[in-house]
Amino acid sequence: MKKIIHLITAFAFLGMLISCGNNSQNIKKKQGALGSNAAEKVYVAPGEYDEYYAFISGGFSGQLSVYGLPSGRLFKVIPVFSQDAEKAWGYNEETKPMLNTSHGFVPWDDAHHPDISQTNGVVDGRWVFINGNNTPRIAKIDLTTFETTEIIEIPNSAGNHSSSFVTENTEYVVAGTRFSVPIPQRDMPIKEYKGNFKGSLSFISVDPEDGGMDLKFQIMMPGFDYDLAHPGRGASHGWFFFSTYNTEEASTLMEVNASQNDKDFIAAVNWKKAEEYIKAGKGKMMPAKYAHNVYNEKTHTATSTMKDEVLMLDASELPGLVYLLPTPKSPHGCDVDPSGEYIVGNGKLSANLTIHSFTKMLAAIEAKKFDGEAYGIPILKFEDVLAGVVDQAGLGPLHTEFDGKGNAYTTFFISSEVVKWKLGTWEVVDRQPCYYSVGHLMIPGGNSREPFGDYVLAMNKITKDRYLPTGPEVTQSAQLYDISGDKMELLLDFPTIGEPHYAAGIRADIVMKNSKKIYKLEENEHPFAVKTEADTKVVRDGNVVHVYMTMIRSHFAPDNIEGIKVGDKVYFHVTNLEQDYDVPHGISMIGANTSELLIMPGQTETFLWEPKQVGVWPFYCTDFCSALHQEMQGYVRVSPASSTLPLSWSLGED
Ligand code: RUQ
Ligand code: CUA
């Protein structure tokens with residue numbers, strides 16, 4: 001007990017420490033090390049473009065925000081695991097199925113780690129993947145439309161945190177469970193956690209053509225907490241590394257009970273071996289209920305399919321599938337350098353950073369030099385796999401990124417700084433304070449073979465006095481440093497949406513040339529689309545009414561509707577007939593219990609209106625689309641439920 005109190009005091013002290021304190025010619029080119037001052041380096045003149053896109057997780061907002069670097073300007077907030085009134089995401093009939101899960105409609109999640117798709121180990125700018133922690137899900141955002149187009153739920157997982165990271169050719173998006181649970185879920189005493197709860201690591205394949213995701217297999221693991229992960233690359237392509245904590249397998253007072261072991265593990269998973277085992281029929285299908293939601297760009301509509309089984313490989317039974325690398329002490333970040341040789345484990349409670357060598361790991365495996373096992377999984381000897389140690393670099397290390405020039409950058413939460421150190425010599429070469437308590441950091445392309453090593457973005461948990469106060473809650477923030485020279489230079493603070501965890505960055509020209517401008521009307525296969533005003537109509541089926549409506553500058557067709565009755569369910573299916581870039585129209589209906597719809601050129605969206613009161617009710621365009629935007633309006637006449645007034649609709653008849 002004495003020991004416990006001692007530890008608690010130590011943590012309280014740590015807590016105190018924390019709380020004090022292709023138009024490429026248009027793209028801004030950095031001024032380099034001789035640039036005169038910080039303001040100039042982040043200034044992107046009016047009409048010019050930023051050099052990089054940064055996709056910053058929204059944490060508990062369930063969203064992904066899109067910023068430009070170096071300016072820190074916000075371009076878009078992409079709803080992923082959220083309902084968003086601005087985009088009608090999760091409100092319109094087309095996107096509601098995207099938020100379906102085995103627990104029903106869940107319009108929220110905690111999104112942590114975006115990662116950009118790769119080809120040959122280099123970010124290719126096709127998709128961004130991001131995890132939902134809370135109700136475990138992985139989402140895919142299409143970077144032609146900057147919209148979420150697929151969400152797959154992860155069964156046998158809880159606190160889907162060591163996710164979502166892609167392999168070198170986006171063969172897989174990989175997701176690991178943070179919390180171990182009974183697999184399959186069942187009613188059992190919590191106190192029997194040890195040995196009975198299990199972890200799972202999920203491998204979701206990505207179709208190289210259309211990006212379609214499929215949960216290919218899961219690996220059943222001991223009941224540890226799987227915190228973060230990164231893929232091998234280069235020589236270590238085919239492996240995946242996961243940091244673990246709570247190798248004590250405690251279920252209560254974790255801050256103490258999961259901090260007992262001197263070393264936890266980095267689990268090295270040989271996924272090519274997993275594929276061999278699957279071919280040899282060593283996987284077992286087990287029942288598992290999870291939703292797979294896909295947005296179809298042709299029909300502009302999402303569908304949700306409930307799946308009922310998953311292929312499971314048991315790491316305890318399949319030799320060579322997983323090895324455990326001892327790593328001090330409750331490691332958080334698990335980062336792999338651009339060459340694929342070094343695996344960096346950031347022990348939150350350790351004074352040192354531990355770097356493992358992939359080559360040494362293979363040699364130790366080859367020589368079968370094991371130091372015992374955990375549930376049948378061999379443990380390698382710490383000394384045998386160790387490449388080096390960065391000694392006493394700071395307090396509370398969390399995450400590491402790489403600049404592609406032989407340097408690594410690690411965040412320290414407690415001492416609130418980014419520390420730059422050299423791969424191979426392990427010496428610290430620079431450090432810069434963060435304001436305050438930095439979590440993740442991001443170098444564009446940082447999780448790849450070829451980082452763009454110009455900037456590092458630190459994402460901070462606490463801002464205190466850095467911005468104008470906004471009541472008890474102040475914004476969280478990112479800080480941009482120039483790392484093109486020997487010394488890091490702080491350039492900019494900018495506020496973020498929600499709580500930023502990880503971010504992913506890419507050179508702008510790779511993405512912008514693919515950006516979609518309009519939806520072509522002739523390709524619109526929405527079942528309720530109408531492509532000319534002549535085809536617009538209103539159809540009654542019992543108390544369900546379908547309005548086939550169009551919008552174009554500056555009117556709706558039809559704009560007068562009569563014959564609607566109290567108690568009807570009225571679906572407005574609205575097609576924007578514009579075929580010009582950046583000419584959306586909106587529509588909103590008084591009393592409608594949804595969001596307004598912002599409809600892109602050539603797109604069809606649907607909202608439901610259930611009129612409760614007799615009267616003549618207006619609707620209008622919500623997006624200032626033309627000089628006569630204010631004239632873009634209409635009326636619906638609602639009669640009593642008993643009315644026999646027939647349906648009629650018109651445009652321009654006085
Ligand atoms: S976490 S601040 Cu959710 Cu990636 Cu480390
Ligand atoms: Cu259409 Cu305003």
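**View 1. An open sheet of six strands.** In this view, 6 strands form an open sheet with mixed pairing, in the order β42-β41-β44-β45-β39-β46; strands here are DSSP runs (E, at least two residues) numbered from the N terminus, and two of them pair if DSSP finds at least two bridges between them. At the edges stand β42 (597-599) and β46 (648-650), each with a single partner strand, so one side of each is left without a neighbour in the sheet. Direction ignored, neighbouring strands of this sheet are turned by 25 degrees against each other on average, where the axes are lines fitted to C-alpha atoms and angles run from 0 to 180 degrees between N-to-C directions. Strand β41 (residues 585-589) and β42 run antiparallel and are joined by 3 bridges, and I587 stands opposite L597 in β42.

The model is predicted, so that local features need pLDDT of at least 70 and side-chain atom pairs count only at pLDDT 80 or more, whereas totals for chains, interfaces and linings use all residues. Residues are numbered from 1 along each chain as its sequence is written, chains are lettered from A and ligands numbered from 1 in the order in which they are written, and side-chain values use heavy atoms, with hydrogens and water left out.

**View 2. An open sheet of four strands.** Antiparallel pairing links the 4 strands of this open sheet in the order β27-β28-β29-β30. The edge strands, β27 and β30 (428-433), each pair on one side only, and neighbouring strands are turned by 20 degrees against each other on average, direction ignored. Between β27 and strand β28 (residues 407-412), which run antiparallel, there are 4 bridges, and E401 stands opposite Y409 in β28.

**View 3. The surroundings of ligand 1.** The residues around ligand 1, each with a heavy atom within 4 Å of it, are H112, H113, H161, L228, H332, H399, G439, H440, K461 and H501. By class, this shell has 1 nonpolar, 8 polar and 1 charged residues; Ala, Val, Leu, Ile, Met, Phe, Trp, Tyr, Cys and Pro count as nonpolar, Asp, Glu, Lys and Arg as charged, and the others, Gly among them, as polar.

**View 4. The second largest cavity.** About 50 Å³ of space lies in this cavity, a cavity being a set of points, on a 1 Å grid over the protein atoms alone, where a 1.4 Å probe fits but cannot get out, with lining residues having an atom within 4 Å of a point; the volume is the space filled by probe spheres set on the points, which are joined across faces, edges and corners. Its lining consists of F165, L228, H230, G333, C334, D335, H399, T400, E401, H440 and Y502, and at least two lining residues come from each of β15 (225-231), β21 (331-336) and β27 (397-402). These residues divide into 4 nonpolar, 5 polar and 2 charged.

**View 5. Cis peptide bonds and a positive phi.** L69 and P70 are joined by a cis peptide bond with omega of about 15 degrees, and P70 is found in the loop between β2 (63-69) and β3 (74-79). Another cis peptide bond, with omega of about -10 degrees, joins Y435 and Y436; Y436 has its place in the loop between β30 and β31 (438-442). N156, although not a glycine, has a positive phi of about 55 degrees, and this residue is found in the loop between β9 and β10 (162-166).

Note on methods: On a 1 Å grid over the protein atoms alone, a cavity is a set of points where a 1.4 Å probe fits but cannot get out, and a pocket is an open set with protein on both sides within 12 Å along at least five of seven lines; lining residues have an atom within 4 Å of a point.
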